[in-house]
Amino acid sequence: MTIAELFPIEEGRVMVYGYEGDDAAGEGPRTATMTFGDVREENGALRATVTETVPRRKRPEMVSVVRRSASELTENGDPELLLKAPIAAGTQWLSGVYEMRIQDVDAEVTVPAGTFKCVTVSCFVEDMGADSFWYAPGVGLVKAARKVEPPRRVYELMSVKPGNGKKGE
């Protein structure tokens, strides 16, 4: 299994997540839409801009830049190293102050978009617990449980719309 399989990057790809969290108390589930754009090769890696929009807001909540090479996936630069090869249970790395670890490579996760076999990545902070992220081959991030830092949220994939085919393999 490769990082390219676990995090497809394609121009125009749209991923919709439902989420609940402590910042939405009493409001029920919310949605966030991630749209991939500006996909291009850059210094031996595939780069894309990911825009997160939330329906109740007039402007994007967040714009990220992701870079995917054969050996790693980063968001907003080297401090945020999300995935690292080899994709195997026990692989560990540091991402800023976080200790990252691949916990499982065959976890079954059910979200509104379906049931997927996933790679589970945990992000540990001393004395604070762990965030967890589940990536499915050919799909990408299907679930994220952010528990360490506020706002605490659980994201679950609701749908994926393929892009226009411009991508790197």
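Begin by selecting Y17, Y19 and Y155, which ring pairs link into a cluster; rings of Phe, Tyr and Trp (its six-membered ring) count as a pair if their centres lie within 6.5 Å, and planes under 30 degrees apart are called stacked, over 60 edge-to-face and the rest tilted. The model is a predicted one, in which local features need pLDDT of at least 70 and side-chain atom pairs count only at pLDDT 80 or more, while totals for chains, interfaces and linings use all residues. Residues are numbered from 1 along each chain as its sequence is written, and side-chain values use heavy atoms, with hydrogens and water left out.

**The aromatic pairs**

By the ring rule, the count comes to three aromatic pairs. Keep Y17 and Y155 on display: their ring centres are 6.4 Å apart and their planes stand at 85°, so this pair is edge-to-face. Because Y17 lies in strand β1 (residues 14-21) and Y155 in strand β12 (residues 153-161), the pair ties together parts that are 138 residues apart in sequence. Both Y17 and Y155 are buried, where buried means under 20% relative accessible area, exposed over 50%, and partly exposed in between (1.4 Å probe, protein chains only).

**The whole chain**

Now colour the chain by secondary structure, which comes to one helix and 12 strands; helices (H or I, at least four residues) and strands (E, at least two) are DSSP runs, numbered from the N terminus. Read along the sequence, the pattern is α-β-β-β-β-β-β-β-β-β-β-β-β. Of the 169 residues in the chain, 43% are buried. With the surface switched on, the chain exposes about 8700 Å², of which carbon and sulfur atoms supply 52%; these areas come from the Shrake-Rupley method with a 1.4 Å probe, and for residues only the protein chains shown count as cover.

**V111 and its surroundings**

Select V111 next, in strand β8 (residues 98-111); at a relative accessible area of 7%, this valine is buried. Leaving aside neighbours within four places in sequence, V111 is in contact (heavy atoms within 4.5 Å) with F116, V142, K143, E156 and L157. The C-alpha atoms of V111 and L157 are separated by 6.1 Å, although the two residues are 46 apart along the chain. For the chain in general, among contacts between residues at least 6 apart in sequence, 40% join residues at least 24 apart.

From K143, one of the residues in contact with V111, move to W134: K143 lies over the face of this tryptophan, at 5.2 Å from the ring centre. A charge is taken to sit over a ring if NZ of Lys or CZ of Arg is within 6 Å of the ring centre and within 35 degrees of the ring normal.

**Backbone details**

Which bond joins A85 and P86? It is a cis peptide bond, with omega about 0°, and P86 lies in the loop between β6 (81-84) and β7 (92-95).

Then select D38, in strand β2 (residues 30-42), where phi is near 50°, a positive value in a residue other than glycine; at 38% relative accessibility, D38 counts as partly exposed. N43, in the loop between β2 and β3 (45-53), also has a positive phi, near 50°, but at 74% relative accessibility N43 counts as exposed.

**Two cysteines**

Finish with C118 and C123: C118 is buried, with a relative accessible area of 1%, and C123 counts as buried at 6%. The number of disulfides (pairs of cysteine sulfur atoms within 2.5 Å) comes to zero.
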